[in-house]
Each structure stands twice: as C-alpha cells, then as structure tokens.
Amino acid sequence: MNIDKIRKDILKKRGNAFAFKFKGARNQVDEFIGKIVGVYQSVFTIEVIGKVKRIKSFSYNDILIRNLEIKEVAIKQS
C-alpha cells in the first residue's frame, strides 16, 4: 500500500464515524471514536466524538507504518 492509495481510501471515508487506535511514543495508546472531517495533501483531520469536541490530525504515514488503526463502528444516533 502506498500514500496515494491511503489518501484515496481516507477520502472515501470522510464524513463517516470510525473507531481509531493510535499507538504513540513509549507504548502509549489512544483509542477514540471520531469522524474524518478534512482530507489534505499531507494530513487528514478527525473530529473526536464525545462531550468535548476536539480535532486531531494525522499523516497518511501513520497508517502506512501502522501507528493508526481505523475500524468501522456502529454509533447510536440520539
């Protein structure tokens, strides 16, 4: 898989909610549910779903080196 294929895949997923798992430095793991809201040349942004709205940004390289995992999730709309 290359960066262009990853970017196209992220573009298709824009606007939908997914479960994300980010493996950071020193074995820190951040798991959250969010929507992909922006797709740019080098990065994409995710709006975290929760009590406080936050925006996180990631590079396509994070997916390529498997630091960021994206899984489908069913969200109940209230």
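This passage describes the surroundings of Lys 56 and the aromatic residues of the structure, which is a predicted model.

Lys 56 is a good place to start. The residue belongs to strand β4, which covers residues 54–59. With a relative accessible area of 16%, Lys 56 falls under the 20% limit and is therefore buried. Its side chain has a polar partner, the side chain of Asp 30, at 2.3 Å. The charged end of Lys 56 also has an aromatic ring beneath it, that of Phe 32, whose centre is 4.7 Å away. Beyond its neighbours within four places in sequence, Lys 56 contacts Asp 30 and Phe 32 together with Phe 44, Thr 45, Ile 46 and Val 48.

Thr 45, one of these contacts, is part of strand β3 (residues 43–48). Thr 45 is likewise buried, at 14% relative accessibility. Setting aside residues up to four places away in sequence, Thr 45 touches Ile 55, Lys 56 and Ser 57, and also Lys 35, Ile 36, Val 37, Gly 38 and Tyr 40.

Turning to the aromatic residues, Phe 32 and Phe 44 join Phe 18, Phe 20, Phe 22, Phe 58 and Tyr 60 in one aromatic cluster. The model holds 6 aromatic pairs. In one of them, the ring centres of Phe 22 and Phe 58 are 5.2 Å apart and the planes meet at 50°, so the pair is tilted. Because Phe 22 lies in strand β1 (residues 17–23) and Phe 58 in strand β4, this pair ties together parts 36 residues apart in sequence. Phe 22 is partly exposed at 22% relative accessibility, whereas Phe 58 is buried at 7%. Another member of the cluster, Phe 18, has the charged end of Lys 13 over its ring, 5.5 Å from the centre.

Notes: Residues are numbered from 1 along each chain as its sequence is written. This is a predicted model: local features need pLDDT of at least 70, side-chain atom pairs count only at pLDDT 80 or more; totals for chains, interfaces and linings use all residues. Side-chain values use heavy atoms; hydrogens and water are left out. Helices (H or I, at least four residues) and strands (E, at least two) are DSSP runs, numbered from the N terminus. Buried means under 20% relative accessible area, exposed over 50%, partly exposed in between (1.4 Å probe, protein chains only). A polar contact is a pair of N or O atoms within 3.5 Å; within protein, one must be able to donate a hydrogen and the other to accept it, and residues adjacent in sequence count only if both atoms are side-chain atoms. Contact means heavy atoms within 4.5 Å. Rings of Phe, Tyr and Trp (its six-membered ring) pair if their centres lie within 6.5 Å; planes under 30 degrees apart count as stacked, over 60 as edge-to-face and the rest as tilted. A charge sits over a ring if NZ of Lys or CZ of Arg is within 6 Å of the ring centre and within 35 degrees of the ring normal.
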